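Hi everyone, and thanks for making the time. I'd like to walk you through a protein model that is new to most of us, so please have a look at it first.

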Amino acid sequence: MFAYASMLVVGIASGYLFFECNKYLMPIIMMLGVALIVRKIDLEYRPERSDFERRVLIAFMIVGFVVFSFEYIQMNGRILDENKREVAIENITSVQGRIVGIEKRSNDNVAAWQSSEYYRLIIKPMSLHGAGKIMMNYYAPLSPFLTGTSEENVPVRNGLMGAIVTVYGEARVPAGLENPGCFNYRSYLYSKGIRLTYKCKSMKVDMMPAEEPGIKGFISKCYWAYRNKIVETREKFLSYFATEGQTCCCENATTGLTRCCKEGVEGFLRGIVFGDKSEIDEETLEQFNSNSTGHILAVSGLHVGFLFALLKVLTRKKKSKLITATIIVVIVLYGEMTGWSPSTARAVLVLSISILAIYARRTPDLLTSVSTAAIILLLYNPYNLVNTGFQMSFLALLGICFLTEPLSHYIGEGMAVMVAIQLAVAPMVAYSYSAFNISSMFVNIPIIFLASILVPACILALATMMYVGFVPSWAVTIISSLTEFIVNLNEKLTFDRLFVTDIQGISIGVLVAYYLLIFFATSEWTRIKLLRNETKTIKRMIPLLLLPALCIGIATHNQYLNDEIVFVNVGQGDCTHIRAGDNDVLIDGGGSATYNVGKNTLKPYLLKNHARNIDLALITHQHTDHYKGIEELKEIYPIKNILQASIGNNARLGKNVWIEPIWPIKPYTEQQLSDNANENNTVYIIHYNNTKTMITGDLTEPDELAMVEHYRGTDILDCDILKVGHHGSKTSSSEQFLDAVSPSIAVIQVGANNTYGHPHQEILDRLHNHGIAVYRTDISGAVGVDIRKNRLIIDILH
């Protein structure tokens, strides 16, 4: 089963590279190479059926490629309306569908004018075909749509589950890869079956599940009543730990019992018990990720394993089909409460397969169960393969399967499991988050131990509530205290990030090679060959084994590492990265009033693209969308110098590389600066090996004309590349200015679906009429410029 799962992964990975990355040669070479390896390999398992097994293995690889192909077509194909007519995504202004998911979200990063209540709704469209699921944020209370409350005045937050609604607004395709090597949001949503996002302007409820007519309506009513009851039970349990202030002691209206807890307990329990991290404050979440202990906030085998053990005790370890079915049903109900994250689905599937193996007269085997669960989840949605939660979850179990036994000979079985998990997960953590905590192995020991007490305590408290109707106050106190202790201990063990090391971009090919080698070295096949002293066979296998890693490494190579200038995608803002030898320079850094661009965009980009530090950060002017990202970045990343240069203060970066400020001629007065920050806009020209690139910031037309007049009769303004002023606004890029600069390439740095309407169509038309090739970060992602001797090569992501 592990071999079958591995071949399925090869097929899906090939499909992803072929369709999503537009790499057509390497995936084909990889599949042909792997097929050749399978034909040559000596199959130790059932040698009399070797030819048949080889055909089955190759078939799994082909199935993987085909399954991904169909999923890609489904997620990117035509969308049809109720009359089977194709509809463009930009024309989808209303959608009728059923609410299949509701999640309360933190409101920290929304604008001040938006409601304090913020819900994320997942809608399955009924008026559209081929749209998958749609995700939207609803910035208003849901209470007007609700008809009642549950016991103990706990709001039925998810009472709208299953309701048929009509939403009005704008449909959008989620952003894909925006900067080289960074997070692909679209693939993440695809792994959840979500094809579109929606900017909701209003919503109305057309029909509650209980109101649907006929037999189909009765079935729907029963199903959604069950789903709402499951979620209501979860919310009722968590309400015992909810509070509005720093501390809370209140009396339960039904039981008369008093409960006391501190702020943050409910959010943390929502994460550690049900795998929902949306209400954990950002600082706490960052501390757990920094310590590599964030995995306890995902439902895992710890949760499901304890639940299974508890059920076995309650059934007095009796074996019958009814008891087994009951156990599986209870475990599935718990999965429903957690929302079926990849780690939850994996844990439930692994345990269920192990239980069912007994009735198939097979000895339960962890590797077989894990592999079977992986096959099921990948066939259900092949985009799961690129979901970080899926990757971490299965790598941890594979580490246990392959590495525990050889390690246990040296450090004992208990410690071997811990080390095995770290060896399997740590490289993926370093790759995904560009950071690694060298103390994580030791920090995990007390945190996992305490979590192994807290999780069972919560499950017992949940079971008690379901049986007697409430959680005893003493249980609330114990659970709250233990929760606070875990959070506080984890905070102490961060040691102010003393042991956290930033990791520069790791090649995916190197990462794949690491996992192939460690799992191959500790596999049963290798052990058998070593016992037979067939070391030559092992040596011959290693180059063949590394072929997939080589193909993946070539296909996913970061082409931007060869670029001298990169226009970084920071949304609605400007940021230009210049490389010159060992020097890394930024001009502007983007910025937003509601989003930390420095932390969430610039730092990941710089680490993924091998920038050890920023030698110089220049700014064009003091507008938020230009300088704020730099201010945020300097708090968490080494920046040697920040300044707004003036004429005469050139920044020399190498023999033929320097940055020259060319405007304004003289500093503006304080009155001019207070009137408009754009009036103190500095224009830079990047001289790079006889290529000139002009960075204009938010230069307006009056300054453009003044600059043209000042430099008339010279070639100062003549450039190869123009960063278009003010994100393509009609207040910039005048005819006279474009004539004077005469660029062959223009780059517009602009946010997708921005409220300003940038870039304005008349500017796009003007650039086109001048014969200028236009690249936009909202369409193409980051734009890289590879400066060759006689030409410029432009790199884009899509």
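I'll begin with the chain as a whole and then visit some particular residues.

One thing to keep in mind from the start is that this is a predicted model. The chain has 798 residues, and 51% of them count as buried. Its secondary structure comes to 26 helices and 23 strands. The accessible surface adds up to about 37400 Å², with 58% of that belonging to carbon and sulfur atoms. And if you take the contacts with a separation of 6 or more, 70% of them come from residues 24 or more positions apart.

Let's turn to the aromatic rings. How many aromatic pairs does the count come to? The count comes to 27 aromatic pairs. Let me show you one of them: Phe237 and Phe274 pair edge-to-face, with 6.4 Å from centre to centre and 80° between the planes. Where do these two sit along the chain? Phe237 belongs to helix α5, residues 214-239, while Phe274 belongs to helix α6, residues 265-274, and the two are 37 residues apart, so this pair links distant parts of the chain. Both Phe237 and Phe274 are buried.

Here is another pair, Phe402 with Phe519, and this one is tilted: the centres are 5.0 Å apart and the planes make an angle of 35°. Phe402 is in helix α12, residues 388-411, and Phe519 is in helix α16, residues 508-521, so the pair ties together parts that are 117 residues apart in sequence. Are these two rings buried or exposed? Phe402 is buried, because its relative accessible area is 7%, under the 20% cut-off. Phe519 is buried too, at 9%.

Aromatic residues can also gather in groups here. Tyr16, Phe18, Phe19, Tyr24, Phe65, Phe68, Tyr72, Tyr190 and Tyr383 form one aromatic cluster. A ring can have a charge for company as well: the charged end of Lys608 sits over the ring of Tyr431, 4.0 Å from the ring's centre.

Now, please find Asn22 for me. Asn22 is in the loop between α1, residues 2-19, and α2. Its phi is near 55°, which is a positive value in a residue other than glycine. Asn22 counts as partly exposed, at 43% relative accessibility.

Let's carry on into α2 itself, which covers residues 25-40 and holds Ala35. At 16% relative accessibility, Ala35 counts as buried. Which residues does Ala35 touch, beyond its neighbours within four places in sequence? Ala35 is in contact with Ile58 and Met61. As for Ile62, its C-alpha atom is 9.9 Å from that of Ala35, and the two residues are 27 apart along the chain.

Next, something on the surface. Tyr410, Ile411, Met415, Phe442 and Ile445 make up a nonpolar patch, with about 570 Å² of accessible area together. At least two residues of that patch come from α12, and at least two from α14, residues 440-468. Met415 has its place in helix α13, residues 413-433. With a relative accessibility of 37%, Met415 counts as partly exposed.

Further along the chain we reach Thr620, in the loop between β13, residues 616-618, and α21, residues 624-633. Thr620 is buried, with a relative accessible area of 0%. Leaving aside neighbours within four places in sequence, Thr620 has contacts that include Ile587, Asp588, His626, Gln644 and Asn680. Also among them are Tyr684, Ile695 and Gly697.

I'll finish with some details of the backbone. The peptide bond from Trp663 to Pro664 is cis, with omega near 5°. Pro664 lies in the loop between β16, residues 657-663, and α22, residues 670-675. His758 and Pro759 are joined by a cis peptide bond as well, with omega about -10°. You'll find Pro759 in the loop between β20, residues 745-748, and α25, residues 761-769.

My last stop is His727, in the loop between β19, residues 721-723, and α24, residues 735-741. Its phi is near 60°, again a positive value in a residue other than glycine. Is His727 buried or exposed? At 1% relative accessibility, His727 counts as buried.

That's my tour, so thank you for listening!

Methods. Residues are numbered from 1 along each chain as its sequence is written. This is a predicted model: local features need pLDDT of at least 70, side-chain atom pairs count only at pLDDT 80 or more; totals for chains, interfaces and linings use all residues. Side-chain values use heavy atoms; hydrogens and water are left out. Rings of Phe, Tyr and Trp (its six-membered ring) pair if their centres lie within 6.5 Å; planes under 30 degrees apart count as stacked, over 60 as edge-to-face and the rest as tilted. Helices (H or I, at least four residues) and strands (E, at least two) are DSSP runs, numbered from the N terminus. Buried means under 20% relative accessible area, exposed over 50%, partly exposed in between (1.4 Å probe, protein chains only). A charge sits over a ring if NZ of Lys or CZ of Arg is within 6 Å of the ring centre and within 35 degrees of the ring normal. Contact means heavy atoms within 4.5 Å. Patches are made of residues with over 30% relative accessible area and no salt bridge: like charges are joined within 9 Å, nonpolar side chains (Val, Leu, Ile, Met, Phe, Trp, Tyr) within 5 Å. Accessible areas come from the Shrake-Rupley method with a 1.4 Å probe; for residues, only the protein chains shown count as cover. A salt bridge is a side-chain nitrogen of Lys or Arg within 4 Å of a carboxyl oxygen of Asp or Glu.
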